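Please look through the structure below slowly, keeping the sequence beside it, so that each residue named afterwards can be found in both. The explanation begins with charged pairs and then turns to the nonpolar interior.

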Amino acid sequence: MRIVLMLIVFVFLSTLNAQPRKPEPLIEPLGKKHVIIDKGITGYMYSIDGQWISAPMKIPARLNSRDKQSFKLKENLLGTDNIVALYMHQVKYGDRKLYVLYKFYKVGYYKYQATQKGWKEELRAYYYVLDDDALQAILNAPNEDVMLKLKLYDSGILSDVKISNVQKKALLQIRVKQEFDRQLIFHIDKSNGESEIRFFFYSQHKIFKDTEGVLQPEFKISGRSYFAQPTLLKFFYYQISKETLENFLKMINPKFKDEEPDLPLSDANTGQD
């Protein structure tokens, strides 16, 4: 009798394994509509000597504000962080509409590290897959300095990418997960009048707290990391007009072109205010 029962269980389990699994929905672009910001962002850093220093489209390296020569070093030209462009479009996943937000940024390195020769720069994009609830949370943030923790369905990095092919490359890599182990940390401060917004964002693991989506994820001030700390904007941030950011998040004034001109990798911004 025991052998018969074991045979029945074996046949039942074999039948279950033989059943075809229901395929996951394919993620697909939802039209050609997308929005992009590639200018009008200023980065700020609180310098070693207690001054706010700024530069267009990047957060300057944290140095003495009067040390002009150090700012010109290749390893400091790209700043503590930089933004070449912010880009967003909609995708369809089954019967759901999701959004893919990209931050394009430049990384630099010496081909020959020992002799510091052969400086190279590369354009990368970090993507975030999020829903309308996340966008609405940013848009409806209170008029104060807040840190939002927002649900992600996937995130990751795309290396050696261009604006013109980012959607194609991303859709090959994205895997939508209902319970993803990373979250979007979005710092935003709307308290500085009606015209300007301070912000900074990145991806962080919910448990291990490792940071992704920034040029220097290990960046610290006096030995302390300010990632996922409510006080981050007191030390470094990006600033943009409120109208520009809100139009971007609402996908107002979208682009409909199939291809965008490739963004230059040279002539990095080095000016300080």
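In this predicted model, the side chains of Asp210 and Arg182 come together in a salt bridge, with a distance of 3.1 Å from N to O. Asp210 sits in the loop between strand 12 and strand 13, while Arg182 belongs to strand 11, so the pair ties together parts that are 28 residues apart in sequence. Because buried means under 20% relative accessible area, Arg182 counts as buried at 6%, whereas Asp210, at 31%, is partly exposed.

A second pair can be read in the same manner: Arg96 and Asp131 meet through their side chains in a salt bridge of 4.0 Å, N to O. Arg96 lies in strand 7 and Asp131 in the loop between strand 8 and helix 4, so this contact links parts that are 35 residues apart in sequence. Arg96 is partly exposed at 31% relative accessibility, but Asp131 is buried at 7%.

Asp189 and Arg198 form a further salt bridge, at 2.5 Å from N to O, and both of these residues are buried. Through salt bridges that share partners, Asp145, Asp189 and Arg198 are joined into one network.

What, then, of the nonpolar residues? The largest nonpolar core has 57 residues, and those with the most contacts inside it are Phe200 and Phe236. Strand 12 supplies the largest share of this core, 5 residues. Leaving aside neighbours within four places in sequence, Phe236 is in contact with several residues, including Tyr44, Trp52, Phe200 and Phe227. Apart from this core lies another, of 24 residues, among them Ile27, Tyr127, Val129 and Leu171.

Technical notes
Residues are numbered from 1 along each chain as its sequence is written. This is a predicted model: local features need pLDDT of at least 70, side-chain atom pairs count only at pLDDT 80 or more; totals for chains, interfaces and linings use all residues. Side-chain values use heavy atoms; hydrogens and water are left out. A nonpolar core is a set of buried Ala, Val, Leu, Ile, Met, Phe, Trp, Tyr and Cys residues joined through side-chain atoms within 4.5 Å. Buried means under 20% relative accessible area, exposed over 50%, partly exposed in between (1.4 Å probe, protein chains only). Helices (H or I, at least four residues) and strands (E, at least two) are DSSP runs, numbered from the N terminus. Contact means heavy atoms within 4.5 Å.
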